[in-house]
Amino acid sequence: MCGLKSAKDILRKKLKIIIRQLTSEEKQRQSKLVFEKLRDLPQFQESRRVSVYLSTDDEIDTILILKNLFKTNKEVFVPRYKGKQMDMVKLFSMEDYDKLPLTKWNIKQPSVDQPRESALESGGLDLILLPGVAFTKNGKRLGHGMGYYDKFLQSYLKEQKKKPHLIALAFNEQILEDIPTAEHDIHLDYVITESD
């Protein structure tokens, strides 16, 4: 287990350096093309209740996705972190998004003091769009190391009967041949990059 953790940590450091070397223009170019591919997927079009991460500078930008979700009248849920737990809570509009406070990690998220509808308590999700540090084409994912999505999905699958579609959004540079994984690590349905 210790070997797996250190192998993951080494990969995270390596990938973070690679991603930081991408220009803002290149990140935006890839983000736009990833959004267009996602938008054309039947799994995306047919989903009514969608969870989307609120991106940082080192992730595929999700602003175009958010705008599209609201424009097509889908219900939108975003991560809210509290201690070691993550919940998916409702986001109502782009205006709502603009007003969200920043966390200590410089990520926008709804305030933990503000009551919001939780996806787990109100009917589940059809689709979860996941961030990560690295991925394989066949659906392995290396997260940021906190286990938020793994824990969320474990409790989600206990409470909900139907598994949501799990789709990761990635820069080309985040795709690897293989990633060291443990049994509890999430396996994704799709990993979308602009080059595939």
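This passage looks at a buried arginine, a pair of aromatic rings and two lysines placed over rings in a predicted model.

A good place to start is Arg 49, found in strand β1, which covers residues 49-52. With a relative accessible area of 11%, Arg 49 falls under the 20% limit and is therefore buried. The side chain of Arg 49 is joined to that of Glu 75 by a polar contact of 3.2 Å. Glu 75 is also one of the residues that Arg 49 contacts beyond its neighbours within four places in sequence. The others in this group are Phe 77, Glu 117, Ala 119, Ser 122, Gly 123, Gly 124, Leu 125, Asp 126 and Leu 127.

Attention now turns to the aromatic residues. The structure holds 2 aromatic pairs. In the pair formed by Phe 152 and Tyr 156, the ring centres are 6.0 Å apart and the planes meet at 45 degrees, so this pair counts as tilted. Both residues belong to helix α6, which spans residues 148-159. Phe 152 and Tyr 156 are 4 residues apart there, about one turn of the helix. Phe 152 has a relative accessible area of 2% and is buried, and Tyr 156 is buried as well, at 1%.

Rings elsewhere in the model have a lysine for company. Lys 74 lies over the face of Phe 44, at 5.7 Å from the ring centre. Lys 108 is placed over the face of Tyr 97, with a distance of 4.9 Å to the ring centre.

Technical notes:
Residues are numbered from 1 along each chain as its sequence is written. This is a predicted model: local features need pLDDT of at least 70, side-chain atom pairs count only at pLDDT 80 or more; totals for chains, interfaces and linings use all residues. Side-chain values use heavy atoms; hydrogens and water are left out. Helices (H or I, at least four residues) and strands (E, at least two) are DSSP runs, numbered from the N terminus. Buried means under 20% relative accessible area, exposed over 50%, partly exposed in between (1.4 Å probe, protein chains only). A polar contact is a pair of N or O atoms within 3.5 Å; within protein, one must be able to donate a hydrogen and the other to accept it, and residues adjacent in sequence count only if both atoms are side-chain atoms. Contact means heavy atoms within 4.5 Å. Rings of Phe, Tyr and Trp (its six-membered ring) pair if their centres lie within 6.5 Å; planes under 30 degrees apart count as stacked, over 60 as edge-to-face and the rest as tilted. A charge sits over a ring if NZ of Lys or CZ of Arg is within 6 Å of the ring centre and within 35 degrees of the ring normal.
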